Amino acid sequence: MSEEIRGAATVVPQTMILSLIINGVLGLAALVATLFCIGDVDTALTSSTGYPFMEIFQSATGSVGGAAFMSVILFIMQTFAAIGLVAATSRMFWAFARDRGLPGWRYLSRVNPTTSIPTVAVAVTVIITCLLGLLNLAGPIVFNDVISLTVSALLLSYLFVCGLLLWRRCTGFITHNVRNSQKISISDGDSAVQLYWGPWHVPGMLGIMINVIACAFLILIIFWSFWPQATPTTADSMNMSVLMLGATIIFAIVWYVAYAKKTYKGPIIELELEN
């Protein structure tokens with residue numbers, strides 16, 4: 001969504017850092033408060049409500065009404081977070097369809113002329129999200145597999161970005177040409193385009209070290225996210241996230257080789273011409 005922001009090269013990273021600081025401080029404060037009020041862990045885990053955090057709220061407030069009020073606050077916060085996630089996901093979904101990288105991209109990339117909203121992409125995103133949420137009805141094992149798949153797929157996307165950035169750093173493909181750093185270069189899809197550092201980056205060896213640490217951390221977490229929670233492992237307790245992710249990757253490869261390579265030529269760059 002950064003392509004819709006003015007001064008994205010500076011505004012987006014500043015916003016990311018500010019969000020990290022604010023959410024980190026608030027999250028740490030909430031964690032410390034929870035640890036002080038948790039009481040007996042076994043009681044919270046075996047709560048009749050089925051949700052340990054509600055038992056912790058009731059134990060801390062000594063009131064069912066107080067616990068219900070605090071739970072409603074969490075529900076409202078999660079609702080707002082879900083709206084933001086759906087907006088971001090549907091925006092990326094539409095952008096990839098616009099770039100002709102998805103099956104049915106002609107239909108998925110449509111934008112409502114009245115509201116200027118990619119209605120189809122938003123609807124498909126919401127439907128898929130709801131269907132995944134219904135998997136929780138199948139039991140905690142299936143739900144944990146979906147959570148594991150979410151973690152591995154999300155971190156895998158981070159690994160691609162960090163890995164490619166590290167490769168470009170080490171090969172000297174990104175230059176410090178300040179004069180051209182604000183220009184947009186367009187290729188014909190077959191030749192590489194020289195990249196230029198923006199105004200917000202960590203230069204030199206420090207930046208390379210950060211990318212190496214990030215890649216190593218991501219590889220470690222992704223590797224263990226595919227493992228079952230306990231041993232011995234049975235067919236019911238097996239972590240199926242590796243199967244779901246592998247099937248998705250295989251489908252994407254087959255789709256690209258069979259059809260998408262004829263239409264997908266990389267991200268489409270949209271320009272506004274000034275009179």
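This is a short talk on a predicted model of one protein, going from the overall layout to a few helices and single residues.

I'll start with the whole chain. The protein has 275 residues, and 20% of them are buried. It contains nine helices and two strands. Reading from the N terminus, the order of elements is α-α-α-α-α-α-α-β-β-α-α. So much for the order; now the contacts. Of the contacts with a separation of 6 or more, 53% are between residues 24 or more positions apart.

Next, helix α4. This helix covers residues 64–98, which is 35 residues. How far apart should its ends be, at 1.5 Å a residue? The expected span is 51 Å, and the end C-alpha atoms are 50 Å apart, so the two values agree.

Which residues of α4 are buried? They are A67, S71, S90, R91, W94, A95, A97 and R98. Among the elements that cover them are α3, which is residues 52–61, α5, which is 105–108, and α6, which is 119–134.

Look at the two ends of α4 in turn. At its start, a side-chain oxygen of S63 comes to within 3.2 Å of the backbone nitrogen of G65. Just after the helix, R100 has a positive phi of about 70°. I'll return to R100 at the end.

Now the packing of α3 against α4. For anyone new to this, a pair of packed helices is described by two things, the angle between the axes and the distance between them. For α3 and α4, the axes come within 8 Å and the crossing angle is roughly 135°. That angle makes α3 oblique to α4. The crossing is right-handed. On the α3 side, the residues in contact are F53, M54, F57, Q58 and T61. On the α4 side, they are V64, G66, A67, M70, S71 and L74. A67 and S71 also appeared among the buried residues of α4.

One residue from that list deserves its own slide, and that is T61. T61 belongs to helix α3. Is T61 buried or exposed, or something in between? T61 is partly exposed, because its relative accessible area is 36%. Leaving out residues up to four places away in sequence, T61 touches G66, A67 and M70. The T61 side chain also reaches two backbone oxygens: that of F57 at 2.8 Å, and that of S63 at 3.1 Å. S63 is the residue we met at the start of α4. Finally, T61 and C37 are 24 residues apart in sequence, and their C-alpha atoms are 9.4 Å apart in space.

Moving along the chain, the second helix pair is α7 and α9. Helix α7 is residues 140–171, and it packs with α9 at an angle of about 50°, with the axes 8 Å apart. That makes α7 oblique to α9. The contact involves D145, S148, L149, S152, A153 and L156 of α7. From α9, the partners are S241, M244, L245 and I249. This crossing, too, is right-handed.

The residue to look at here is S241. Its helix, α9, covers residues 241–263. S241 is buried, since its relative accessible area is 0%. Which residues does S241 contact, leaving aside neighbours within four places in sequence? They are D145, S148, L149, S225 and F226. Of these, D145, S148 and L149 were in the α7 part of the helix contact. There is also a polar contact of 2.8 Å between the side chains of S241 and N239.

Last, two residues with unusual backbone angles. The background is that most residues other than glycine have a negative phi. R100 is not a glycine, yet its phi is positive, about 70°. Where does R100 sit? It lies in the loop between α4 and α5. With a relative accessible area of 38%, R100 counts as partly exposed.

The second case is S116. Its phi is also positive, at about 60°, and S116 is not a glycine either. S116 is in the loop between α5 and α6. Is S116 buried or exposed? S116 is exposed, because its relative accessible area is 56%.

To recap the helix pairs: α3 is oblique to α4, and α7 is oblique to α9. That is the end of the talk.

Terms used
Residues are numbered from 1 along each chain as its sequence is written. This is a predicted model: local features need pLDDT of at least 70, side-chain atom pairs count only at pLDDT 80 or more; totals for chains, interfaces and linings use all residues. Side-chain values use heavy atoms; hydrogens and water are left out. Helices (H or I, at least four residues) and strands (E, at least two) are DSSP runs, numbered from the N terminus. The expected span of a helix is 1.5 Å times one less than its number of residues. Buried means under 20% relative accessible area, exposed over 50%, partly exposed in between (1.4 Å probe, protein chains only). Contact means heavy atoms within 4.5 Å. A polar contact is a pair of N or O atoms within 3.5 Å; within protein, one must be able to donate a hydrogen and the other to accept it, and residues adjacent in sequence count only if both atoms are side-chain atoms. Axes are lines fitted to C-alpha atoms, for helices over the stretch in contact, and angles run from 0 to 180 degrees between N-to-C directions. Angles under 35 degrees count as roughly parallel, over 145 as roughly antiparallel, 65 to 115 as roughly perpendicular and the rest as oblique. A crossing is left-handed if the near helix is turned anticlockwise from the far one by less than a right angle, and right-handed if clockwise.
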